[in-house]
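Reader: I'm at home at the bench, but less so with a structure on the screen. Could you walk me through how to read one?

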Amino acid sequence: MTNRYYLAVDIGASSGRHILFSKENGRIRMSEIYRFENGMKKKDGHRIWDVEHLSREIVAGMKKAGEMGKIPVSVAVDTWGVDYVLLDEDDHILGDVYGYRDKRTEGMDTLLSEKIDSRELYGITGIQEQSYNTIYQLLADQVMRPDLLERARTFLSMPDYFGFYLTGRKANEYTECTTSGLVDAESGNWNRELIRRLGLPQEIFLDLLPAGSVLGQLRPEIAAEVGYDCSFIACASHDTASAVMSMPDPSGKGLYISSGTWSLMGVESEKAVTDEEAHAGGFTNEGGYGGKITLLKNIMGLWMIQSLRHELDDRYSFAELAKLGQEESDFPALVDVNDNRFLAPDSMIGAIQDACRQKGMPVPESPGQLSAVICRSLARCYADTAKKLMDLTGQKFDSINILGGGGQNTFLNRLTVEESGLAVNAGPSEATSVGNAIAQMICAGEFEDLAQARACVRESFAVETFS
Ligand code: LFR
(Lines give C-alpha, C1' and ligand atoms only; values in the text may rest on other atoms or scores of the structure.)
Protein backbone atom coordinates (compact mmCIF):
# COMPACT_ATOMS: atom_id res chain seq x y z
CA MET A 1 0.00 0.00 0.00
CA THR A 2 1.36 3.43 -0.81
CA ASN A 3 1.83 5.87 2.02
CA ARG A 4 -0.79 8.42 2.88
CA TYR A 5 0.79 11.79 3.66
CA TYR A 6 -0.37 14.63 5.86
CA LEU A 7 1.26 18.02 5.55
CA ALA A 8 1.69 20.04 8.73
CA VAL A 9 2.57 23.70 8.29
CA ASP A 10 3.79 25.12 11.59
CA ILE A 11 4.56 28.83 11.65
CA GLY A 12 6.33 30.27 14.65
CA ALA A 13 7.34 33.82 15.38
CA SER A 14 10.81 33.34 13.87
CA SER A 15 10.36 30.62 11.24
CA GLY A 16 7.91 28.33 9.53
CA ARG A 17 8.21 24.75 8.38
CA HIS A 18 6.38 22.18 6.31
CA ILE A 19 6.60 18.64 7.61
CA LEU A 20 5.19 15.58 5.85
CA PHE A 21 3.77 12.92 8.13
CA SER A 22 2.71 9.35 7.46
CA LYS A 23 2.01 6.21 9.44
CA GLU A 24 4.27 3.29 8.63
CA ASN A 25 4.28 -0.05 10.45
CA GLY A 26 2.25 1.43 13.26
CA ARG A 27 4.61 4.36 13.80
CA ILE A 28 4.41 8.02 12.92
CA ARG A 29 7.09 9.07 10.45
CA MET A 30 7.96 12.64 9.64
CA SER A 31 10.24 14.52 7.31
CA GLU A 32 10.75 18.24 6.99
CA ILE A 33 10.49 19.35 3.38
CA TYR A 34 10.51 23.13 3.53
CA ARG A 35 11.52 25.92 5.89
CA PHE A 36 11.18 29.69 5.73
CA GLU A 37 11.94 32.80 7.75
CA ASN A 38 9.43 34.77 9.74
CA GLY A 39 9.71 37.72 12.09
CA MET A 40 7.94 40.91 13.01
CA LYS A 41 8.98 43.70 10.66
CA LYS A 42 9.37 47.26 11.86
CA LYS A 43 7.17 49.81 10.10
CA ASP A 44 6.59 53.38 11.28
CA GLY A 45 7.74 52.39 14.74
CA HIS A 46 5.35 49.42 14.88
CA ARG A 47 5.88 45.68 14.70
CA ILE A 48 3.89 44.01 11.96
CA TRP A 49 3.64 40.64 10.19
CA ASP A 50 4.20 40.24 6.48
CA VAL A 51 1.10 38.15 5.83
CA GLU A 52 1.54 38.17 2.07
CA HIS A 53 5.04 36.71 2.42
CA LEU A 54 3.78 34.01 4.79
CA SER A 55 0.92 33.08 2.44
CA ARG A 56 3.33 32.72 -0.48
CA GLU A 57 5.71 30.61 1.60
CA ILE A 58 2.88 28.28 2.65
CA VAL A 59 2.04 27.71 -1.01
CA ALA A 60 5.72 27.26 -1.94
CA GLY A 61 6.13 24.49 0.63
CA MET A 62 2.93 22.79 -0.49
CA LYS A 63 4.24 22.85 -4.04
CA LYS A 64 7.42 21.17 -2.87
CA ALA A 65 5.38 18.20 -1.58
CA GLY A 66 3.83 17.83 -5.05
CA GLU A 67 7.23 18.03 -6.74
CA MET A 68 8.45 15.24 -4.48
CA GLY A 69 5.49 13.13 -5.60
CA LYS A 70 4.17 13.08 -2.03
CA ILE A 71 0.71 14.45 -2.49
CA PRO A 72 -0.92 14.92 0.90
CA VAL A 73 -4.38 13.75 1.86
CA SER A 74 -4.71 17.03 3.72
CA VAL A 75 -2.87 20.08 4.97
CA ALA A 76 -3.25 22.15 8.13
CA VAL A 77 -1.66 25.33 9.43
CA ASP A 78 -0.95 26.30 13.02
CA THR A 79 0.57 29.54 14.29
CA TRP A 80 1.18 31.49 17.48
CA GLY A 81 -1.86 32.95 19.24
CA VAL A 82 -3.64 36.28 19.65
CA ASP A 83 -2.86 38.06 16.34
CA TYR A 84 -5.49 38.52 13.66
CA VAL A 85 -6.52 40.13 10.39
CA LEU A 86 -9.64 42.13 9.68
CA LEU A 87 -11.26 41.74 6.26
CA ASP A 88 -13.46 44.29 4.52
CA GLU A 89 -16.62 43.47 2.59
CA ASP A 90 -14.56 42.38 -0.42
CA ASP A 91 -12.46 40.11 1.80
CA HIS A 92 -9.38 42.31 1.53
CA ILE A 93 -7.11 42.76 4.54
CA LEU A 94 -7.69 46.09 6.25
CA GLY A 95 -4.53 47.93 7.28
CA ASP A 96 -1.38 46.47 8.77
CA VAL A 97 -1.42 43.19 10.67
CA TYR A 98 0.17 43.93 14.03
CA GLY A 99 2.45 41.56 15.88
CA TYR A 100 1.82 40.81 19.53
CA ARG A 101 5.06 42.45 20.66
CA ASP A 102 3.94 45.81 19.30
CA LYS A 103 3.56 48.48 21.93
CA ARG A 104 0.23 49.88 20.70
CA THR A 105 -1.64 48.05 23.47
CA GLU A 106 0.11 50.05 26.21
CA GLY A 107 -2.54 51.64 28.42
CA MET A 108 -5.32 49.44 27.03
CA ASP A 109 -5.52 47.58 30.33
CA THR A 110 -6.77 50.78 31.97
CA LEU A 111 -9.33 51.27 29.22
CA LEU A 112 -10.49 47.66 29.56
CA SER A 113 -10.82 47.94 33.33
CA GLU A 114 -13.18 50.90 32.80
CA LYS A 115 -15.42 48.62 30.77
CA ILE A 116 -15.21 45.46 32.86
CA ASP A 117 -13.62 44.45 36.13
CA SER A 118 -10.65 42.14 35.61
CA ARG A 119 -11.91 39.56 38.12
CA GLU A 120 -15.28 39.39 36.37
CA LEU A 121 -13.59 39.09 32.99
CA TYR A 122 -11.38 36.25 34.21
CA GLY A 123 -14.46 34.50 35.54
CA ILE A 124 -16.06 34.66 32.10
CA THR A 125 -13.14 33.79 29.82
CA GLY A 126 -10.54 32.22 32.11
CA ILE A 127 -7.94 34.10 30.07
CA GLN A 128 -5.16 35.83 31.96
CA GLU A 129 -4.50 39.52 31.34
CA GLN A 130 -1.55 39.75 28.97
CA SER A 131 -0.93 43.07 27.27
CA TYR A 132 -0.72 41.36 23.85
CA ASN A 133 -4.02 39.46 23.93
CA THR A 134 -6.45 40.13 21.08
CA ILE A 135 -8.87 41.88 23.41
CA TYR A 136 -6.32 44.66 24.09
CA GLN A 137 -5.38 44.81 20.41
CA LEU A 138 -9.01 45.27 19.39
CA LEU A 139 -9.38 48.06 21.95
CA ALA A 140 -6.27 49.67 20.44
CA ASP A 141 -8.00 49.43 17.04
CA GLN A 142 -11.06 51.08 18.54
CA VAL A 143 -8.94 53.98 19.78
CA MET A 144 -6.35 54.29 17.02
CA ARG A 145 -8.06 53.18 13.84
CA PRO A 146 -11.82 53.22 14.46
CA ASP A 147 -12.62 53.72 10.76
CA LEU A 148 -10.95 50.45 10.00
CA LEU A 149 -12.91 48.58 12.65
CA GLU A 150 -16.07 50.11 11.19
CA ARG A 151 -15.24 48.80 7.75
CA ALA A 152 -14.34 45.34 9.08
CA ARG A 153 -16.74 42.54 8.12
CA THR A 154 -14.71 39.52 9.26
CA PHE A 155 -12.26 38.77 12.05
CA LEU A 156 -9.84 35.96 11.25
CA SER A 157 -7.09 34.73 13.53
CA MET A 158 -3.77 34.14 11.77
CA PRO A 159 -4.32 30.43 11.02
CA ASP A 160 -7.95 31.16 10.09
CA TYR A 161 -6.65 33.62 7.54
CA PHE A 162 -4.29 31.09 5.99
CA GLY A 163 -7.15 28.58 5.80
CA PHE A 164 -9.19 31.23 4.02
CA TYR A 165 -6.30 32.03 1.69
CA LEU A 166 -6.00 28.38 0.69
CA THR A 167 -9.67 27.37 0.54
CA GLY A 168 -11.69 30.57 0.19
CA ARG A 169 -13.68 29.54 3.29
CA LYS A 170 -13.88 31.75 6.33
CA ALA A 171 -14.10 30.23 9.79
CA ASN A 172 -12.89 30.84 13.35
CA GLU A 173 -11.21 27.80 14.87
CA TYR A 174 -11.84 27.24 18.59
CA THR A 175 -8.35 26.76 20.11
CA GLU A 176 -6.76 29.76 18.42
CA CYS A 177 -9.73 32.02 19.07
CA THR A 178 -9.72 31.31 22.81
CA THR A 179 -6.44 33.26 22.98
CA SER A 180 -8.44 36.34 22.01
CA GLY A 181 -9.83 36.70 25.53
CA LEU A 182 -13.37 36.98 24.13
CA VAL A 183 -14.46 33.34 24.30
CA ASP A 184 -16.65 32.09 27.11
CA ALA A 185 -14.82 29.38 29.06
CA GLU A 186 -18.10 27.64 29.87
CA SER A 187 -19.86 27.58 26.50
CA GLY A 188 -16.72 27.40 24.34
CA ASN A 189 -18.08 30.08 22.01
CA TRP A 190 -17.72 33.85 21.72
CA ASN A 191 -19.21 35.64 24.68
CA ARG A 192 -21.54 37.95 22.76
CA GLU A 193 -22.45 39.97 25.83
CA LEU A 194 -18.78 40.72 26.48
CA ILE A 195 -18.30 41.76 22.86
CA ARG A 196 -21.29 44.09 23.23
CA ARG A 197 -19.97 45.59 26.47
CA LEU A 198 -16.63 46.32 24.80
CA GLY A 199 -18.42 48.05 21.94
CA LEU A 200 -16.91 45.74 19.34
CA PRO A 201 -18.83 44.77 16.18
CA GLN A 202 -20.68 41.47 16.67
CA GLU A 203 -20.93 40.32 13.08
CA ILE A 204 -17.19 40.07 12.45
CA PHE A 205 -16.89 37.04 14.77
CA LEU A 206 -17.98 33.76 13.17
CA ASP A 207 -19.29 30.78 15.13
CA LEU A 208 -16.38 28.71 16.39
CA LEU A 209 -15.31 25.58 14.56
CA PRO A 210 -14.06 22.67 16.69
CA ALA A 211 -10.39 21.74 16.18
CA GLY A 212 -10.08 18.86 13.75
CA SER A 213 -12.86 19.96 11.37
CA VAL A 214 -12.56 19.86 7.59
CA LEU A 215 -12.56 23.43 6.36
CA GLY A 216 -12.73 22.58 2.65
CA GLN A 217 -10.78 21.79 -0.52
CA LEU A 218 -8.11 24.06 -1.98
CA ARG A 219 -9.22 26.97 -4.13
CA PRO A 220 -8.82 26.08 -7.85
CA GLU A 221 -6.08 28.75 -8.25
CA ILE A 222 -4.10 27.31 -5.33
CA ALA A 223 -4.61 23.72 -6.50
CA ALA A 224 -3.31 24.71 -9.94
CA GLU A 225 -0.28 26.39 -8.42
CA VAL A 226 0.73 23.58 -6.07
CA GLY A 227 -0.13 20.89 -8.63
CA TYR A 228 -2.74 18.94 -6.64
CA ASP A 229 -5.94 19.28 -4.67
CA CYS A 230 -6.37 18.16 -1.06
CA SER A 231 -8.50 19.06 1.89
CA PHE A 232 -7.59 21.68 4.47
CA ILE A 233 -8.14 20.72 8.10
CA ALA A 234 -8.67 23.30 10.81
CA CYS A 235 -6.33 21.53 13.26
CA ALA A 236 -5.82 22.75 16.82
CA SER A 237 -4.46 25.79 15.06
CA HIS A 238 -3.04 27.49 18.16
CA ASP A 239 0.49 26.10 18.22
CA THR A 240 0.35 25.54 21.97
CA ALA A 241 -2.83 23.44 21.69
CA SER A 242 -1.19 21.38 18.94
CA ALA A 243 1.96 20.90 21.02
CA VAL A 244 -0.08 19.66 23.99
CA MET A 245 -1.76 17.08 21.72
CA SER A 246 1.65 15.48 21.19
CA MET A 247 2.12 14.54 24.87
CA PRO A 248 3.64 11.06 24.73
CA ASP A 249 1.18 9.74 27.28
CA PRO A 250 -2.27 8.41 26.33
CA SER A 251 -3.81 9.62 29.59
CA GLY A 252 -2.69 13.18 28.86
CA LYS A 253 -2.43 13.70 32.62
CA GLY A 254 1.13 14.95 32.98
CA LEU A 255 2.70 18.32 33.53
CA TYR A 256 4.01 19.84 30.30
CA ILE A 257 6.03 22.77 29.05
CA SER A 258 5.52 23.62 25.42
CA SER A 259 8.98 25.03 25.00
CA GLY A 260 9.87 27.33 22.12
CA THR A 261 9.89 31.10 21.82
CA TRP A 262 7.54 30.93 24.80
CA SER A 263 7.45 28.36 27.59
CA LEU A 264 3.85 27.40 28.21
CA MET A 265 3.65 25.35 31.35
CA GLY A 266 0.50 23.59 32.48
CA VAL A 267 -1.83 20.64 32.54
CA GLU A 268 -4.74 19.49 30.45
CA SER A 269 -8.01 20.00 32.25
CA GLU A 270 -11.64 19.03 31.66
CA LYS A 271 -12.88 22.39 32.88
CA ALA A 272 -11.59 25.91 33.18
CA VAL A 273 -10.23 26.87 36.61
CA THR A 274 -11.16 30.49 37.18
CA ASP A 275 -10.87 30.92 40.93
CA GLU A 276 -8.87 33.65 42.63
CA GLU A 277 -5.86 31.40 43.14
CA ALA A 278 -5.60 30.65 39.40
CA HIS A 279 -6.09 34.32 38.57
CA ALA A 280 -3.50 35.53 41.05
CA GLY A 281 -1.07 32.80 39.97
CA GLY A 282 -1.12 34.08 36.40
CA PHE A 283 -2.76 30.99 34.88
CA THR A 284 -4.78 31.04 31.72
CA ASN A 285 -7.43 28.60 30.45
CA GLU A 286 -6.98 28.27 26.72
CA GLY A 287 -8.89 25.92 24.44
CA GLY A 288 -7.45 22.51 23.68
CA TYR A 289 -8.28 19.75 21.21
CA GLY A 290 -11.52 17.90 21.92
CA GLY A 291 -12.95 20.84 23.85
CA LYS A 292 -10.38 20.35 26.63
CA ILE A 293 -8.81 23.25 28.47
CA THR A 294 -5.07 23.81 28.59
CA LEU A 295 -4.59 25.38 32.00
CA LEU A 296 -1.20 26.99 31.72
CA LYS A 297 1.10 29.86 32.47
CA ASN A 298 2.89 31.88 29.80
CA ILE A 299 6.55 32.09 30.70
CA MET A 300 8.84 34.35 28.67
CA GLY A 301 10.77 31.31 27.40
CA LEU A 302 13.60 30.90 24.92
CA TRP A 303 12.80 34.29 23.43
CA MET A 304 15.30 35.62 25.93
CA ILE A 305 18.03 33.33 24.60
CA GLN A 306 17.01 34.00 20.98
CA SER A 307 17.26 37.74 21.61
CA LEU A 308 20.62 37.37 23.34
CA ARG A 309 21.90 35.35 20.39
CA HIS A 310 20.72 37.98 17.88
CA GLU A 311 22.27 40.75 19.90
CA LEU A 312 25.57 38.89 19.77
CA ASP A 313 25.25 38.97 15.94
CA ASP A 314 24.38 35.24 15.83
CA ARG A 315 28.05 34.49 16.58
CA TYR A 316 27.12 31.55 18.84
CA SER A 317 24.78 28.68 18.12
CA PHE A 318 22.14 27.81 20.73
CA ALA A 319 24.23 24.81 21.72
CA GLU A 320 27.31 27.01 22.21
CA LEU A 321 25.37 29.48 24.34
CA ALA A 322 24.12 26.61 26.47
CA LYS A 323 27.66 25.30 26.87
CA LEU A 324 29.01 28.73 27.81
CA GLY A 325 26.13 29.06 30.27
CA GLN A 326 26.98 25.72 31.82
CA GLU A 327 30.54 26.93 32.49
CA GLU A 328 29.05 29.88 34.41
CA SER A 329 26.20 27.98 35.99
CA ASP A 330 27.06 29.24 39.48
CA PHE A 331 26.77 32.90 38.50
CA PRO A 332 24.72 34.25 41.42
CA ALA A 333 21.99 36.34 39.79
CA LEU A 334 18.34 35.69 38.94
CA VAL A 335 15.72 37.75 37.15
CA ASP A 336 11.93 37.53 37.07
CA VAL A 337 11.52 36.20 33.53
CA ASN A 338 7.89 37.26 33.41
CA ASP A 339 8.71 40.92 33.93
CA ASN A 340 7.20 42.81 30.97
CA ARG A 341 10.53 44.55 30.44
CA PHE A 342 11.70 41.39 28.64
CA LEU A 343 8.76 41.29 26.19
CA ALA A 344 10.27 43.53 23.51
CA PRO A 345 13.30 45.39 24.88
CA ASP A 346 15.57 47.34 22.55
CA SER A 347 18.39 45.41 24.15
CA MET A 348 17.80 42.12 25.95
CA ILE A 349 21.30 42.27 27.41
CA GLY A 350 20.64 45.76 28.76
CA ALA A 351 17.27 44.69 30.19
CA ILE A 352 18.82 41.74 32.03
CA GLN A 353 21.69 43.82 33.35
CA ASP A 354 19.34 46.59 34.54
CA ALA A 355 17.13 44.06 36.31
CA CYS A 356 20.14 42.59 38.13
CA ARG A 357 21.54 46.01 39.00
CA GLN A 358 18.21 47.19 40.41
CA LYS A 359 18.01 44.12 42.64
CA GLY A 360 21.59 44.68 43.85
CA MET A 361 22.79 41.44 42.26
CA PRO A 362 26.03 40.82 40.35
CA VAL A 363 25.64 42.00 36.76
CA PRO A 364 26.29 39.38 34.06
CA GLU A 365 28.65 40.58 31.33
CA SER A 366 29.91 37.68 29.25
CA PRO A 367 27.70 35.60 26.91
CA GLY A 368 28.14 32.65 29.27
CA GLN A 369 27.04 34.63 32.32
CA LEU A 370 24.04 36.04 30.47
CA SER A 371 23.05 32.60 29.24
CA ALA A 372 23.43 31.20 32.77
CA VAL A 373 21.22 33.92 34.28
CA ILE A 374 18.51 33.37 31.67
CA CYS A 375 18.49 29.58 31.98
CA ARG A 376 18.66 29.54 35.78
CA SER A 377 15.88 32.13 35.99
CA LEU A 378 13.70 30.14 33.59
CA ALA A 379 14.31 26.95 35.54
CA ARG A 380 13.41 28.69 38.80
CA CYS A 381 10.19 29.95 37.25
CA TYR A 382 9.36 26.43 35.99
CA ALA A 383 9.90 25.07 39.50
CA ASP A 384 7.64 27.72 41.11
CA THR A 385 4.98 27.18 38.46
CA ALA A 386 5.06 23.40 38.94
CA LYS A 387 4.45 23.91 42.64
CA LYS A 388 1.54 26.26 42.00
CA LEU A 389 0.00 23.86 39.48
CA MET A 390 0.13 21.07 42.05
CA ASP A 391 -1.63 23.29 44.59
CA LEU A 392 -4.19 24.41 42.08
CA THR A 393 -5.12 20.98 40.76
CA GLY A 394 -4.51 18.99 43.94
CA GLN A 395 -2.47 16.58 41.82
CA LYS A 396 1.09 15.38 42.40
CA PHE A 397 3.52 15.17 39.52
CA ASP A 398 6.95 13.62 39.52
CA SER A 399 8.06 14.72 36.08
CA ILE A 400 7.72 17.47 33.48
CA ASN A 401 7.24 16.72 29.76
CA ILE A 402 9.16 19.24 27.68
CA LEU A 403 7.42 19.43 24.33
CA GLY A 404 9.10 21.17 21.41
CA GLY A 405 12.54 22.38 20.37
CA GLY A 406 13.36 23.90 23.76
CA GLY A 407 13.78 20.35 25.09
CA GLN A 408 17.07 20.19 23.19
CA ASN A 409 18.63 22.67 25.60
CA THR A 410 20.14 20.08 27.93
CA PHE A 411 21.64 22.76 30.17
CA LEU A 412 18.18 24.18 30.81
CA ASN A 413 16.78 20.67 31.32
CA ARG A 414 19.40 19.92 33.97
CA LEU A 415 18.77 23.22 35.75
CA THR A 416 15.03 22.46 35.68
CA VAL A 417 15.65 19.12 37.39
CA GLU A 418 17.90 20.86 39.93
CA GLU A 419 15.45 23.66 40.70
CA SER A 420 12.23 21.63 40.73
CA GLY A 421 13.35 18.25 42.03
CA LEU A 422 11.24 16.70 39.24
CA ALA A 423 12.44 14.53 36.38
CA VAL A 424 12.37 16.04 32.90
CA ASN A 425 11.24 14.07 29.85
CA ALA A 426 12.22 15.93 26.70
CA GLY A 427 10.43 15.16 23.43
CA PRO A 428 9.04 15.10 20.86
CA SER A 429 11.05 18.07 19.64
CA GLU A 430 8.68 18.86 16.77
CA ALA A 431 5.72 18.71 19.14
CA THR A 432 3.60 21.34 17.43
CA SER A 433 3.85 19.77 13.99
CA VAL A 434 3.14 16.35 15.48
CA GLY A 435 -0.05 17.70 17.08
CA ASN A 436 -1.02 19.42 13.84
CA ALA A 437 -0.59 16.14 11.95
CA ILE A 438 -2.40 14.06 14.57
CA ALA A 439 -5.52 16.21 14.17
CA GLN A 440 -5.39 15.52 10.44
CA MET A 441 -4.75 11.80 10.94
CA ILE A 442 -7.67 11.43 13.35
CA CYS A 443 -9.84 13.19 10.79
CA ALA A 444 -8.71 10.72 8.12
CA GLY A 445 -9.35 7.72 10.39
CA GLU A 446 -5.68 6.77 10.99
CA PHE A 447 -6.35 7.00 14.74
CA GLU A 448 -9.58 6.53 16.60
CA ASP A 449 -8.96 9.30 19.06
CA LEU A 450 -6.32 11.43 20.74
CA ALA A 451 -5.45 8.79 23.35
CA GLN A 452 -4.61 6.29 20.61
CA ALA A 453 -2.57 8.90 18.75
CA ARG A 454 -0.64 9.80 21.91
CA ALA A 455 0.19 6.16 22.52
CA CYS A 456 1.61 6.07 19.00
CA VAL A 457 3.63 9.26 19.64
CA ARG A 458 5.20 7.47 22.60
CA GLU A 459 6.20 4.57 20.34
CA SER A 460 7.41 6.76 17.50
CA PHE A 461 9.60 9.49 19.00
CA ALA A 462 12.65 9.54 21.19
CA VAL A 463 12.06 11.01 24.63
CA GLU A 464 15.16 11.75 26.71
CA THR A 465 14.86 11.61 30.48
CA PHE A 466 16.86 13.84 32.85
CA SER A 467 16.64 13.03 36.53
C1 LFR B 1 3.33 30.31 21.63
C2 LFR B 1 2.14 31.25 21.69
C3 LFR B 1 1.56 31.36 23.07
C4 LFR B 1 0.92 32.71 22.98
C5 LFR B 1 2.01 33.48 22.32
C6 LFR B 1 1.61 34.73 21.65
O7 LFR B 1 3.90 30.31 20.37
O8 LFR B 1 1.15 30.84 20.80
O9 LFR B 1 0.69 30.34 23.42
O10 LFR B 1 0.53 33.23 24.19
O11 LFR B 1 2.54 32.56 21.37
O12 LFR B 1 0.75 34.48 20.61
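**Reading the fold, feature by feature**

Author: Gladly, and let's start with one helix. In this predicted model, helix H16 spans residues 410-420, and its buried residues are Phe411, Leu412, Asn413, Leu415, Thr416 and Ser420.

Reader: What covers the buried residues of H16?

Author: The cover includes helix H13 (318-327), H15, strand S17 (399-403), strand S18 (423-426) and strand S19 (464-466). Just after H16 comes Gly421, with a positive phi near 70 degrees.

Reader: And how do I describe the way two helices pack?

Author: Two packed helices are described by the angle between their axes and by the distance between those axes. Here, H13 and H15 pack at about 85 degrees, and their axes are 7 Å apart. H13 is therefore roughly perpendicular to H15.

Reader: Which residues of H13 and H15 meet?

Author: From H13 come Leu321, Ala322, Leu324, Gly325 and Glu327; they meet Pro367, Gly368, Ser371, Ala372 and Cys375 of H15. By type, the residues of this contact are six nonpolar, three polar and one charged.

Reader: Now the interior. How many residues does the largest nonpolar core have?

Author: There are 135 residues in that core, and Leu7, Ala76, Met304, Leu378 and Ala439 have the most contacts inside it. Helix H15 (residues 367-393) supplies the largest share, eleven residues. The core lies between domain 1 (5-234) and domain 2 (249-426), because both give residues to it.

Reader: Can we zoom in on Leu7?

Author: Of course. Leaving aside residues up to four places away in sequence, Leu7 touches His18, Leu20, Met62, Ala65, Pro72 and Val75.

Reader: Is Leu255 buried or exposed?

Author: The way to decide is to count neighbours: 20 or more other C-beta atoms within 10 Å make a residue buried. Leu255 has 25 within that distance, so it is buried. You will find Leu255 in strand S13 (residues 255-259). With residues up to four places away in sequence left out, Leu255 touches Val267, Ala386, Leu389, Phe397, Ile400 and Asn401. For a sense of distance, Leu255 and Thr240 are 15 residues apart in sequence and 14 Å apart in space, C-alpha to C-alpha.

Reader: Could you show me another helix like that first one, with its cover?

Author: Try helix H4 (residues 134-144), whose buried residues are Thr134, Ile135, Tyr136, Gln137, Leu138, Leu139 and Asp141. Strand S7 (84-87), helix H2 (108-115) and helix H5 (146-151) are among the elements covering them.

Reader: What should I look for in the backbone itself?

Author: Most residues other than glycine have a negative phi, and most peptide bonds are trans. That gives you some exceptions to look up. Asn25 has a positive phi near 45 degrees, and this residue lies in the loop between strand S2 (15-24) and strand S3 (27-37). Asn25 has 5 C-beta neighbours inside 10 Å and therefore counts as exposed.

Reader: What is the phi of Asp91, and where does the residue lie?

Author: Asp91 is not a glycine, yet its phi is positive, about 65 degrees. Its place is in the loop between S7 and H2. Asp91 counts as exposed because it has 12 C-beta neighbours inside 10 Å.

Reader: And which residues does a cis peptide bond join?

Author: Look at Gly427 and Pro428: the bond joining them is cis, with omega about -5 degrees. Pro428 lies in the loop between S18 and helix H17 (431-443).

Technical notes:
Residues are numbered from 1 along each chain as its sequence is written. This is a predicted model: local features need pLDDT of at least 70, side-chain atom pairs count only at pLDDT 80 or more; totals for chains, interfaces and linings use all residues. A nonpolar core is a set of buried Ala, Val, Leu, Ile, Met, Phe, Trp, Tyr and Cys residues joined through C-beta atoms within 7 Å. Helices (H or I, at least four residues) and strands (E, at least two) are DSSP runs, numbered from the N terminus. Domain bounds come from an automatic or database domain assignment. Two residues are in contact if their C-beta atoms, placed from the backbone, lie within 7 Å. Axes are lines fitted to C-alpha atoms, for helices over the stretch in contact, and angles run from 0 to 180 degrees between N-to-C directions. Angles under 35 degrees count as roughly parallel, over 145 as roughly antiparallel, 65 to 115 as roughly perpendicular and the rest as oblique. Ala, Val, Leu, Ile, Met, Phe, Trp, Tyr, Cys and Pro count as nonpolar, Asp, Glu, Lys and Arg as charged, and the others, Gly among them, as polar.
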